Amino acid sequence: LAGCSASPRVPTEAKAPQELRDYERLEQWLLLQRQVAAMTDEEVKSALDSSSSRNTPEDVFYSALLNQRMDAYGNWTLARDLLRELRDEPALTTQQRQLASILERYNQSRINWYMKRELLEDQNLALESENEVLRDELAAAEAERSLLEEKIQAITDLETAISTRKE
């Protein structure tokens, strides 16, 4: 019965430290993400202006996070591209690649949303223009109808006058 006991499995010495290091690297990225999320817009702009080096994957990730925080289409595309760059980085852990992939999809969703919104705004402007043309046509048709009613009334009055004279 000793072989059937449910004792916890102890990871091997080589595996445990690697898993721990991978977890710590992911935690560093998540901490960096929380720090960027807590920044004000001015701090983000300042950090973007001052960060020009993208030597390490951490620098690339940081730059992607900063661009992601900006409220501009161009920054979102840059963030997406930087995160795609990280996808193929051999020095990253699987978890870091997954986080980069999730954030890449997030930025792509924002880009898609923006493009759809722009398309809808363009369609809305076209519809408003078409609506204005239709309103003008309606006003012209109503004016013409009113003129025709006046002519019909004039003809009716004339016919009544002629009929009265004949009698």
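**Helix packing and the nonpolar core**

In this predicted model, residue N75 is found in helix 4. N75 has a relative accessible area of 17%, and because buried means under 20% on this scale, N75 counts as buried. When neighbours within four places in sequence are left aside, N75 is in contact with L48, N67 and M70. N75 also lies 9.9 Å from I111, C-alpha to C-alpha, although 36 residues separate N75 and I111 in sequence.

Two of the residues that N75 touches, L48 and N67, also take part in the contact between helix 2 and helix 3. Helix 2 (residues 41–50) packs with helix 3 (residues 57–69) at an angle of about 140°, the axes being 10 Å apart, which means that helix 2 is oblique to helix 3. The crossing in which helix 2 passes helix 3 is left-handed. On the side of helix 2 the contact is made by D41, V44, A47 and L48, while helix 3 contributes Y62, S63, L66, N67 and R69; by character, the residues of this contact comprise five nonpolar, two polar and two charged.

The largest nonpolar core has 21 residues, and those with the most contacts inside it are F61, L66, L83 and L86. At least two residues of this core come from each of helix 1 (15–38), helix 2, helix 3, helix 4 (73–87) and helix 5 (94–166), with helix 3 giving the most, namely five residues. If residues up to four places away in sequence are not counted, F61 touches W29, L32, L83, L86, L99 and L103.

Terms used: Residues are numbered from 1 along each chain as its sequence is written. This is a predicted model: local features need pLDDT of at least 70, side-chain atom pairs count only at pLDDT 80 or more; totals for chains, interfaces and linings use all residues. Side-chain values use heavy atoms; hydrogens and water are left out. Axes are lines fitted to C-alpha atoms, for helices over the stretch in contact, and angles run from 0 to 180 degrees between N-to-C directions. Helices (H or I, at least four residues) and strands (E, at least two) are DSSP runs, numbered from the N terminus. Angles under 35 degrees count as roughly parallel, over 145 as roughly antiparallel, 65 to 115 as roughly perpendicular and the rest as oblique. A crossing is left-handed if the near helix is turned anticlockwise from the far one by less than a right angle, and right-handed if clockwise. Contact means heavy atoms within 4.5 Å. Ala, Val, Leu, Ile, Met, Phe, Trp, Tyr, Cys and Pro count as nonpolar, Asp, Glu, Lys and Arg as charged, and the others, Gly among them, as polar. A nonpolar core is a set of buried Ala, Val, Leu, Ile, Met, Phe, Trp, Tyr and Cys residues joined through side-chain atoms within 4.5 Å. Buried means under 20% relative accessible area, exposed over 50%, partly exposed in between (1.4 Å probe, protein chains only).
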